[in-house]
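Me: I should like to go through the terms used for this model one by one. For each, please set the value against the definition and then conclude.

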Amino acid sequence: SLNILYRFSFSDERVIEYDIDRVLFDKRSEFQKIQIVHSRSLGNMLVLDELQNIAEADLIYTETLMCRGTENYAGKEICILGGGDGALLYELLKEKPKFVVMLEIDEIVMQACNKYMNSICGDVLEKRTDDNYEIIVGDCMVYLKKYIKEERKFDYVFGDLTDIPISDTPTGEIWDFIRTILESSFQVLKPDGKFMTHGNGVSCPESLRMYEDQLAKLTPKVKYTKSSAFVPSFMEEWVFYQVQRENASATDSV
């Protein structure tokens, strides 16, 4: 038993101490350092490159990302970009969608979460494919380009990738990636489809504003709504975005 406080940093540059008593998994993949640790108050937690990602206590994170109770996923076609912990896929499948494809680059993240985080992902990372979903291991941009070429369309695309970075200006590799994901996602969305993603904490208004500035530059023009929730393992109110074309009709709501 470690009985010590672990310090993990966040994408918003806060450093938080956790009551970690066990390290359950610690391995480096070709993409990142992957750890699953146990917190006495939050349950098992997925930590990537020393950044806390999700804990067993964080169902509210997934439910707010998907706007559970507001969006109607029944019979819909959905694409998840990232989502390697399996929580979003697991919760979406409860809503009876027609089909969900999940594009995750890191096989080792999924193996670790399947073993140590199945209270949030069930058996979806074990099965990998079923009548109503498929998990593809690979670079989501490669598959987005493929779907654009095939003219495959989705009702929803979830960006469950990197958080909005903390920076003085919206420049650099991560911002370029965010813009590319946005532009590509709208090319595979149906005319009234929605792009759903997580942003950052309410303590980072400048970064959120920079993200909203990028949304304002998209062609065709988009409109967006925001939601937020206090996420236990983040110890902060987190902001989520729902983006669709400006001329889109309102999609089904529950």
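Me: Which residues does Leu46 touch, leaving out those up to four places away in sequence, and what makes them contacts?

Reply: They are Ile34, Gln35, Ile36, Leu51, Gln52, Asn53, Ile54, Asp85, Val109, Cys113 and Met117. Each is called a contact because the term requires heavy atoms within 4.5 Å. This is a predicted model, in which local features need pLDDT of at least 70 and side-chain atom pairs count only at pLDDT 80 or more, whereas totals for chains, interfaces and linings use all residues. Residues are numbered from 1 along each chain as its sequence is written, and side-chain values use heavy atoms, with hydrogens and water left out.

Me: Why is the set with Leu46, Ile80, Leu89 and Phe158 called a nonpolar core?

Reply: The term denotes buried Ala, Val, Leu, Ile, Met, Phe, Trp, Tyr and Cys residues joined through side-chain atoms within 4.5 Å. Buried means under 20% relative accessible area, exposed over 50%, and partly exposed in between, for a 1.4 Å probe and protein chains only. The largest set of this kind has 39 residues, and the four named have the most contacts inside it. Domain 1 (6–53) and domain 2 (55–245) both contribute residues, so this core lies between them; the domain bounds come from an automatic or database assignment. A second core of 29 residues lies apart from it and includes Leu144, Tyr147, Ile164 and Leu218. In soluble globular proteins, nonpolar side chains tend to be buried together.

Me: How do you know that Arg68 and Glu91 form a salt bridge?

Reply: The definition asks for a side-chain nitrogen of Lys or Arg within 4 Å of a carboxyl oxygen of Asp or Glu. Arg68 and Glu91 are 3.0 Å apart, N to O, and therefore qualify. The pair links distant parts of the chain, with Arg68 in the loop between helix 1 (59–65) and strand 6 (77–82) and Glu91 in helix 2 (residues 87–93), 23 residues apart. Helices (H or I, at least four residues) and strands (E, at least two) are DSSP runs numbered from the N terminus.

Me: Are Arg68 and Glu91 buried or partly exposed?

Reply: Arg68, at 26%, is partly exposed, whereas Glu91, at 6%, is buried.

Me: What makes Lys146 and Glu150 a pair within one helix?

Reply: Both lie in helix 6 (residues 140–150), 4 residues apart, about one turn of the helix. An α-helix has 3.6 residues a turn, so residues three or four places apart point the same way. The closest N and O atoms of Lys146 and Glu150 are 3.0 Å apart, which meets the salt-bridge limit. Lys146, at 40%, and Glu150, at 44%, are each partly exposed.

Me: Why is Asp155 with Lys190 counted as a salt bridge?

Reply: Their N to O distance is 3.2 Å, and the rule admits the pair because its limit is 4 Å. Asp155 lies in strand 10 (residues 154–160) and Lys190 in strand 11 (residues 189–201), so the pair ties together parts that are 35 residues apart in sequence. Asp155 is buried at 14%, while Lys190 is partly exposed at 23%. Through shared partners, salt bridges also join Glu63, Arg68, Glu91, Lys94 and Glu95 into one network. The count by this rule comes to 16 salt bridges.

Me: What makes the meeting of Ser29 and Asp106 a polar contact?

Reply: A polar contact is a pair of N or O atoms within 3.5 Å; within protein, one must be able to donate a hydrogen and the other to accept it, and residues adjacent in sequence count only if both atoms are side-chain atoms. The side chains of Ser29 and Asp106 are joined at 2.6 Å, so the distance satisfies the rule. Ser29 is in the loop between strand 2 (15–28) and strand 3 (33–39), and at 10% it counts as buried. Asp106 also caps the N-terminal end of helix 3, with a side-chain oxygen 3.1 Å from the backbone nitrogen of Ile108.

Me: Why is Asp160 called buried, and where does its "active site" label come from?

Reply: The relative accessible area of Asp160 is 13%, so it falls under the 20% limit. The label comes from an unreviewed UniProt entry, and such annotations may be inferred rather than shown by experiment. Asp160 is in strand 10, and its contacts beyond four places in sequence include Tyr61, Ile80 and His198.
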